Amino acid sequence: MEVIVLRPGEGRPIDLGGFQMSVKAAGTETGGALSLLEAVEPPGFGPPLHIHHDAAEAFYVLDGEYIIFLEGREVPCSAGSFVFIPTGIRHGFRVGAVASRKLVLYTPAAMVGYFDELRDAIKTGDADVSQIAEKYSMEVLGPVPEGYA
């Protein structure tokens with residue numbers, strides 16, 4: 001492993017149409033310890049409810065506001081909020097009234113391949129979110145919201 005240093009705006013971009021991600025660190029660079037992505041998402045955006053079976057997930061809200069859904073609770077999280085979601089917990093989120101930005105950490109490293117495959121599937125018009133998610137130990141529990149893929 002080598003030291004990773006990225007300046008503002010650096011990282012491998014992933015254009016997912018309705019939202020943008022930037023890979024700050026992937027498992028290949030961290031020895032599988034973690035993956036870190038930055039997400040920029042429009043108002044009202046969010047994924048279906050889901051469970052990660054292979055990794056914990058953490059959010060740090062940089063700008064805007066997110067409503068985090070955790071096991072039947074809704075938790076509003078403004079800039080500066082931190083949320084840790086252990087492996088196996090049902091969760092999701094929706095962006096609040098303004099475009100928002102967050103860091104997303106997975107430990108051990110996970111999900112970068114999911115976002116790469118989702119990007120490719122969106123480009124070809126063949127985005128089966130549940131099928132792609134299954135490859136990455138993510139179980140989709142709810143319908144895929146319009147605009148996600």
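Q: Two strands pair if DSSP finds at least two bridges between them. Which residue of strand 8 stands opposite Y60?
A: This is a predicted model, where local features need pLDDT of at least 70, side-chain atom pairs need 80 or more, and totals for chains, interfaces and linings use all residues. Residues are numbered from 1 along each chain as its sequence is written, and side-chain values use heavy atoms, without hydrogens or water. Strands (E, at least two residues) and helices (H or I, at least four) are DSSP runs, numbered from the N terminus. The residue opposite Y60 in strand 8 is F82.

Q: How many bridges join strand 5 to strand 10?
A: Strand 5 covers residues 56-63 and runs antiparallel to strand 10. One bridge pairs V61 with K102. The number of bridges between strand 5 and strand 10 is seven.

Q: Is E38 buried or exposed?
A: E38 is found in strand 3. Buried means under 20% relative accessible area, exposed over 50%, and partly exposed in between, with a 1.4 Å probe and protein chains only. The relative accessible area of E38 is 14%, so E38 is buried.

Q: Which residue shares a side-chain polar contact with E38?
A: A polar contact is a pair of N or O atoms within 3.5 Å; within protein, one must be able to donate a hydrogen and the other to accept it, and residues adjacent in sequence count only if both atoms are side-chain atoms. Contact in general means heavy atoms within 4.5 Å. Beyond four places in sequence, E38 touches several residues, including Q20, L62 and R101. At 3.3 Å, the side-chain polar partner of E38 is K24.

Q: What distance does helix 2 reach from its first C-alpha to its last?
A: Helix 2 has 13 residues, 112-124. The expected span is 1.5 Å times one less than the number of residues, which gives 18 Å here. The model comes close to that, with a reach of 19 Å.

Q: Which element gives the largest share of the largest nonpolar core?
A: A nonpolar core is a set of buried Ala, Val, Leu, Ile, Met, Phe, Trp, Tyr and Cys residues joined through side-chain atoms within 4.5 Å. The largest has 35 residues, and L37, Y114 and F115 are among those with the most contacts inside it. The largest share, five residues, comes from helix 2.

Q: How far apart in space are the C-alpha atoms of I67 and G92?
A: I67 lies in strand 6. I67 and G92 are 25 residues apart in sequence, yet I67 touches G92. Their C-alpha distance is 8.5 Å.
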